[in-house]
Every structure is written in structure tokens, then in C-alpha cells.
Amino acid sequence: MIGSHSAEIEITSCYNDGEITGTNIGGIIGNSTGSGTIKLCKNKNTINGSYFDGGIAGYLNTRNVEVINCSNHGEIIINRTDPNEGRVGGIVGFYFTSTLKNCYNTGELITDGGVSRLGGIVARNNSGATIKNCYNIGKISKADGTLAIGGASGGINGYNYSSII
């Protein structure tokens, strides 16, 4: 839907049912350095990523983008060769200094093993970001079908620098 933005934005009631392939991608927005709100949005199809990727947003490196009442139901498949990189989240890959609330993931996160952060909701929850009232029932696994247990993998958050309520 939106590749990248750096201004004030409000995205409401958007729905993605198309397969997406790329880097720093999400079902609704790939990359944001602006501010605003993403609410009532849904991804239903496959995301084929390789770095910061999520069902709703790939990379939210900003101080004020709230994500509210969003859901992911599609598979997120990430292919990486470097095990020290890559962040994949059911809702957001990388989240910085804002609030994500009332969101859920039912889609499976699948890695070839070259991902350092996997989270059912957020892969990397950075400084000042809050995850509130969210849940994940999607499987987190490796491409060979085994569960992804190494690195930093979590049902809600893969790597946390902030708060989960």
C-alpha cells in the first residue's frame, strides 16, 4: 500500500490481500520516519521479506506512530543468510517510541534460520515503545518445519528495550 513516508499520516481501515515481496516491507506500510496513526488495518496475504518486515509495518523508526486495533493473518516468510540481522514481527518488524495496542497475529512467521529477532507481535521493541493488550497465536518456525528457538524469538516480542503491558 505505502512504501515509505516521512510526514504526518493517518491510515484507517486498510486491508491488504496481495502478496508482497521486498525489504523493509509490511502489509500496509513498509517504512516510516513520520508521525501519525495506523488503525483498524488488516493483512491477509503472504509477506516475503528479508530485513525489517511485519504483517502491518516493516520499520517504524519514528517517535509518534501509534498502531491500534490491527491484525495480521498472512504468513511472513523471511530469507536471510546473515544470522545477525533481520527482524520479523507479526505486526511490526522494528518499533520505536510509540504505542502499539489491541493488535493480534494469527499468521505463521517462517525463517530460513538467518534471522536474529522474531516476535509474534513485534520483532524489536525499541526505546520508549509500549506493547499493550496484544496477542499472538501464529506459529514461529524455521523453513524445515521445526520451531524457531534460537536467537531472540518470542510469542509477543523477539527483543525488548521497552515495555510490554
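Strands are DSSP runs of E with at least two residues, and helices are runs of H or I with at least four, both numbered from the N terminus. The model treated in these exercises is predicted, so that local features need a pLDDT of at least 70 and side-chain atom pairs count only at pLDDT 80 or more, while totals for chains, interfaces and linings use all residues. Residues are numbered from 1 along each chain as its sequence is written, and side-chain values use heavy atoms, with hydrogens and water left out.

**Exercise 1. Establish the secondary structure content of the protein and the confidence of the prediction.**

Step one is the count of elements: the protein has 26 strands and zero helices. Step two turns to pLDDT, the predictor's confidence in each residue on a scale from 0 to 100; its average over the protein is 82, and 79% of the residues score at least 70. Step three locates the extremes among the elements, where strand β12 (residues 71-72) has the highest mean pLDDT, 97, and strand β24 (residues 152-154) the lowest, 57.

**Exercise 2. Describe G93 by its element, its burial and its contacts.**

First, G93 is placed in strand β15. Second, the relative accessible area of G93 is 0%, which means that this residue is buried, given that buried stands for under 20% relative accessible area, exposed for over 50% and partly exposed for values in between (1.4 Å probe, protein chains only). Third, contacts are taken as heavy atoms within 4.5 Å; not counting residues up to four places away in sequence, G93 touches D53, G54, A57, G58, R87, V122, A123 and R124. Finally, G93 and I25 are separated by 68 residues in sequence, whereas their C-alpha atoms are 8.7 Å apart in space.

**Exercise 3. Identify the largest nonpolar core and follow V67 through it.**

The criterion comes first: a nonpolar core is a set of buried Ala, Val, Leu, Ile, Met, Phe, Trp, Tyr and Cys residues joined through side-chain atoms within 4.5 Å. By this criterion the largest core has 22 residues, and those with the most contacts inside it are I38, V67, I91, V92, Y95 and L100. The elements that contribute two or more residues to this core are β2 (8-12), β10 (57-60), β11 (64-68) and β15 (92-95). A second, separate core holds nine residues, including I20, I25, L118 and I140.

For V67 itself, once the neighbours within four places in sequence are left aside, the contacts are I38, L60, I91, V92, Y95, T99, L100, K101 and C103. The strand pairing offers a further view of V67, since two strands pair if DSSP finds at least two bridges between them. V67 stands opposite L100 in β16, and β11 pairs with strand β16 (residues 99-101) in the parallel sense over two bridges. Strand β6 (residues 35-39) also runs parallel to β11, joined to it by five bridges, with G36 opposite V65.

**Exercise 4. Work out the strand order of two open sheets and name their edges.**

One open sheet consists of five strands in the order β4-β8-β13-β18-β23, with parallel pairing. Its edges are β4 (20-21) and β23 (140-142), and because each has a single partner strand, one side of each is left without a neighbour in the sheet. Within this sheet, β13 (residues 76-78) and β18 (residues 109-111) are paired over three bridges, and I76 has L109 as its bridge partner.

Another open sheet of five strands, likewise with parallel pairing, has the order β3-β7-β12-β17-β22. Here β3 (15-16) and β22 (135-136) are the edge strands, each pairing on one side only. As for its inner contacts, β12 and β17 (residues 104-105) pair over two bridges, with N72 opposite N105.

**Exercise 5. Classify the ring pair of Y51 and F52.**

A pair of aromatic rings is described by the distance of the centres and the angle of the planes. Rings of Phe, Tyr and Trp (its six-membered ring) pair if their centres lie within 6.5 Å, and planes under 30 degrees apart count as stacked, over 60 as edge-to-face and the rest as tilted. The structure holds five aromatic pairs. For Y51 and F52 the centres are 4.4 Å apart and the planes stand at 75°, so the pair is edge-to-face. Y51 is partly exposed at 22% relative accessible area, whereas F52 is buried at 9%. Ring pairs link both residues with Y59 and F94 into a cluster.
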